[in-house]
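Open your viewer, switch to a cartoon view, and keep the selection box handy. We will go stop by stop through a predicted model.

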Amino acid sequence: MVVQTYSPDHYSLRYAKDHDYLGFCGEELERRRELGYPPWSHIGLIRISGEEETAAAAAAETACALLRELLAEQPTTGLLGPSPAPLYRLQGRYRWNIVLKDTDPRRLAAACSAGLDILMAAIAPSLRVSADVDPQAML
């Protein structure tokens with residue numbers, strides 16, 4: 001197998017080279033615990049997309065500001081973003097991600113639902129907004 005990468009010293013590649021599943025698992029789980037990522041928390045993904053790049057980016061910034069206001073009263077829910085989705089342009093639409101994190105899945109679902117309601121009323125009808133709690137993929 002040949003691996004082409006900009007990060008040849010990344011821990012995941014070192015463990016893969018040595019066929020050390022348990023070593024990788026231990027290090028990955030520790031990193032996830034330190035950062036509050038699953039399985040130690042739950043993730044909510046809010047995605048905004050639009051056919052016009054600047055409109056989608058502006059809506060993502062506005063959405064993030066509105067979500068920060070909403071979550072100011074709920075300090076246990078973290079907010080990351082906005083950031084371009086890993087697959088930034090898909091099917092002619094520019095996509096932006098906002099990630100929410102919380103240890104309580106019910107609280108996270110309530111924050112995503114409330115955020116979705118606010119955002120759908122605040123952004124242009126030509127844009128799409130969606131929310132997914134514990135998404136299978138962030139692409």
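Start by selecting residues 105-122, which form helix 4. This helix has 18 residues and reaches 25 Å from its first C-alpha to its last, close to the 26 Å expected at 1.5 Å a residue.

Next, show the side chains of L108, A111, C112, L116 and L119, and mark G115 as well: these are the buried residues of helix 4. They sit on the same side of the helix, because they cover an arc of only 135° around the axis. In general, an α-helix has 3.6 residues a turn, so residues three or four places apart point the same way.

What do these buried residues pack against? Add strand 1 (42-50), helix 3 (53-71), strand 3 (93-102) and strand 4 (128-133) to the view, and you have their partners.

Now look at the face of helix 4 turned away from the buried side, where R106, D117, M120 and A121 are exposed. While you are at R106, select D104 too: at the start of the helix, a side-chain oxygen of D104 comes within 2.9 Å of the backbone nitrogen of R106.

The remaining stops are about the backbone. Most residues other than glycine have a negative phi, and most peptide bonds are trans.

- Select P38 and P39, joined by a cis peptide bond with omega about 10°; P39 is in the loop between helix 2 (21-35) and strand 1.
- Select G81 and P82, another cis pair, with omega about 5°; P82 lies in strand 2 (residues 78-90).
- Select H19, a non-glycine with a positive phi of about 55°, in the loop between helix 1 (11-17) and helix 2. H19 counts as exposed, at 73% relative accessibility.
- Finish at D134, in the segment after strand 4, where phi is positive, near 50°. D134 is partly exposed, with a relative accessible area of 34%.

Definitions and conventions: Residues are numbered from 1 along each chain as its sequence is written. This is a predicted model: local features need pLDDT of at least 70, side-chain atom pairs count only at pLDDT 80 or more; totals for chains, interfaces and linings use all residues. Side-chain values use heavy atoms; hydrogens and water are left out. Helices (H or I, at least four residues) and strands (E, at least two) are DSSP runs, numbered from the N terminus. The expected span of a helix is 1.5 Å times one less than its number of residues. Buried means under 20% relative accessible area, exposed over 50%, partly exposed in between (1.4 Å probe, protein chains only). The arc is that of the directions from the helix axis to the C-beta atoms. Contact means heavy atoms within 4.5 Å. A polar contact is a pair of N or O atoms within 3.5 Å; within protein, one must be able to donate a hydrogen and the other to accept it, and residues adjacent in sequence count only if both atoms are side-chain atoms.
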